[in-house]
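The following exercises concern strand pairing, helix packing and a chain interface. Each task is followed by a worked solution.

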Amino acid sequence: MHSAHGRGSVQALALQEITKCFGPVQALRGVSLTVGDGEALAVFGPNGAGKTTLLKIAATLMRPTSGTVRILGADPSHQAPQLRRLIGLVSHQSYLYAGLTGFENLLFTARMYGVPDARARAHALLETVGLSHRGGDLVRTYSRGMTQRLSIARALVHDPRILLLDEPFTGLDRQAAMAFRDLLLAMRGTRAIILTTHSIEQGVAVSDRVAILVDGAVAYEAENGARDVGTVERVYAQCVGVPA
Amino acid sequence: MTALTAVRHLLWKDLVLELRTREILTAMTIFAMLVAVVFNFAFSPSPADSLRLLPGMLWVTLAFASTLGLSRSFVLERDQQCLEALRLLPWDPGLIYAGKFLSNLLYLLAVEALLLPALAAIAGVRLLPAGGALIGVLLLGSVGLVAVGTLFSAMSVHTRIREVLLPVLLFPLASPVLINGTRATLGILGGWPWADILPGVRLLVAFDVIFVVVGYLVFEYVVEE
């Protein structure tokens with residue numbers, strides 16, 4: 001097994017020996033991962049591997065049972081509100097109000113983050129995710145893919161230094177997935193990104209490093225310079241115990 | 001941006017959502033009016049009884065109506081895990097409580113503005129001579145009711161039996177508000193000396209201060225996963 005760590009000179013996010021228990025269930029078992037500033041890490045794993053729990057702990061939404069989290073070297077248990085400003089999260093749920101329009105959702109979030117000229121930022125992001133023509137419509141009228149695109153825009157509204165993406169390609173059609181992949185590629189090097197996905201092809205394409213999480217533990221971690229989807233698929237199959 | 005501005009934006013969001021759907025206000029207002037009418041038929045108070053019964057009818061109606069609104073207030077945040085998104089914001093989570101508290105208080109005050117004249121008309125009681133003091137007591141009681149209710153609403157939102165759980169949690173703890181609110185209202189409408197009314201009012205003030213502060217401080221732990 002390879003072991004590589006955040007290659008940026010600054011560690012944007014460092015998780016050390018993280019365990020998380022929900023009653024008798026151990027969701028994470030001693031997970032250590034670091035992501036350098038400007039680096040993208042793709043985390044693969046089957047359902048129930050602990051990917052979402054890992055991202056929630058990284059986002060300061062959940063406290064680990066044991067282990068340490070450092071965001072740009074700082075301890076979130078002491079400075080959570082300040083550090084949250086640096087984090088953007090795309091979750092399984094959209095984090096959007098169905099009774100507000102797409103524009104209002106982005107405007108509200110931008111205002112809450114104290115983004116200067118929140119209206120202009122909301123309009124610009126609607127344009128970025130291809131929703132400017134539907135920005136005035138209530139989110140409850142959006143399709144699954146449109147909601148996902150707006151959710152991604154929402155996570156980017158305050159230009160976070162650390163972007164956490166929990167299966168962001170879910171619900172996107174091929175064209176939207178390609179556009180989002182291009183957006184991630186354009187952002188590479190500008191912020192730390194942790195992406196969990198079931199799509200090895202998409203994850204490998206946008207990341208500098210890959211990790212495979214199985215049963216709450218890191219089973220594999222390696223640099224991803226060659227973007228070799230086949231190798232990652234083979235290793236994934238070995239780790240998970242299914243044929244490649 | 002200041003914390004006050006953040007609370008203002010949270011309030012804006014809640015009010016826009018409510019004005020668009022009118023789910024909370026409609027349910028609270030219709031329920032409050034129906035209870036008032038039922039009380040009138042049940043008691044058929046004589047002019048002499050009206051003064052004695054109106055305070056109790058008013059506060060019982062407000063207590064029940066408030067649970068309807070409070071139980072809905074965090075449901076909006078539960079859908080699509082918006083409460084989690086609010087916890088991600090770079091603010092003390094107590095501000096989320098403050099925003100919800102203010103929106104819930106506004107809903108209850110709006111219902112009171114309709115209910116009080118309606119009850120007075122039904123009971124044939126003239127409110128104008130006691131107007132200022134009555135509004136003061138209603139405001140104090142509403143703050144207490146909503147301060148506790150907002151906290152319990154957040155606690156019960158992820159449970160399947162929130163509509164049952166909320167009143168079960170709320171009413172015992174809010175009983176000082178209901179008892180002292182009723183007594184103070186009775187005193188004001190009955191023309192009691194201020195020396196007899198003030199102890200109840202002081203209790204309402206103390207209750208409000210304690211539970212608004214407690215709600216603000218413990219909200220983070222209430223919504224934590």
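**Exercise 1: The sheet of chain A**

Asp166(A) stands opposite Thr196(A) in E7(A). The model is predicted: local features need pLDDT of at least 70, side-chain atom pairs count only at pLDDT 80 or more, and totals for chains, interfaces and linings use all residues. Residues are numbered from 1 along each chain as its sequence is written, with chains lettered from A and ligands numbered from 1 in the order in which they are written.

Task: determine in which sense E6 and E7 of chain A pair, and place them in their sheet.

Solution. Step 1: E6 (residues 162-166) and E7 (residues 192-196) of chain A pair in the parallel sense over 5 bridges; pairing requires at least two DSSP bridges. Step 2: the open sheet has 6 strands, ordered E5-E6-E7-E3-E8-E9 in chain A, with mixed pairing. Step 3: E5 (87-90) and E9 (217-223) of chain A are the edge strands, each pairing on one side only.

**Exercise 2: Two helices**

Task: describe how H3 and H5 of chain A are packed.

Solution. Step 1: the axes of H3 (residues 102-112) and H5 (residues 144-156) of chain A come within 9 Å and cross at roughly 20°. Step 2: H3(A) is therefore roughly parallel to H5(A) (angles under 35 degrees). Step 3: Gly102(A), Asn105(A), Leu106(A) and Thr109(A) of H3(A) meet Leu150(A), Ala153(A) and Arg154(A) of H5(A) (C-beta atoms, placed from the backbone, within 7 Å).

**Exercise 3: The interface**

Task: identify which helix gives the most to the side of chain B that touches chain A.

Solution. Step 1: 24 residues of chain A are in contact with 22 residues of chain B. Step 2: H1(B) gives the most to this side of chain B, with 7 residues.

Key
Axes are lines fitted to C-alpha atoms, for helices over the stretch in contact, and angles run from 0 to 180 degrees between N-to-C directions. Helices (H or I, at least four residues) and strands (E, at least two) are DSSP runs, numbered from the N terminus. Angles under 35 degrees count as roughly parallel, over 145 as roughly antiparallel, 65 to 115 as roughly perpendicular and the rest as oblique. Two residues are in contact if their C-beta atoms, placed from the backbone, lie within 7 Å.
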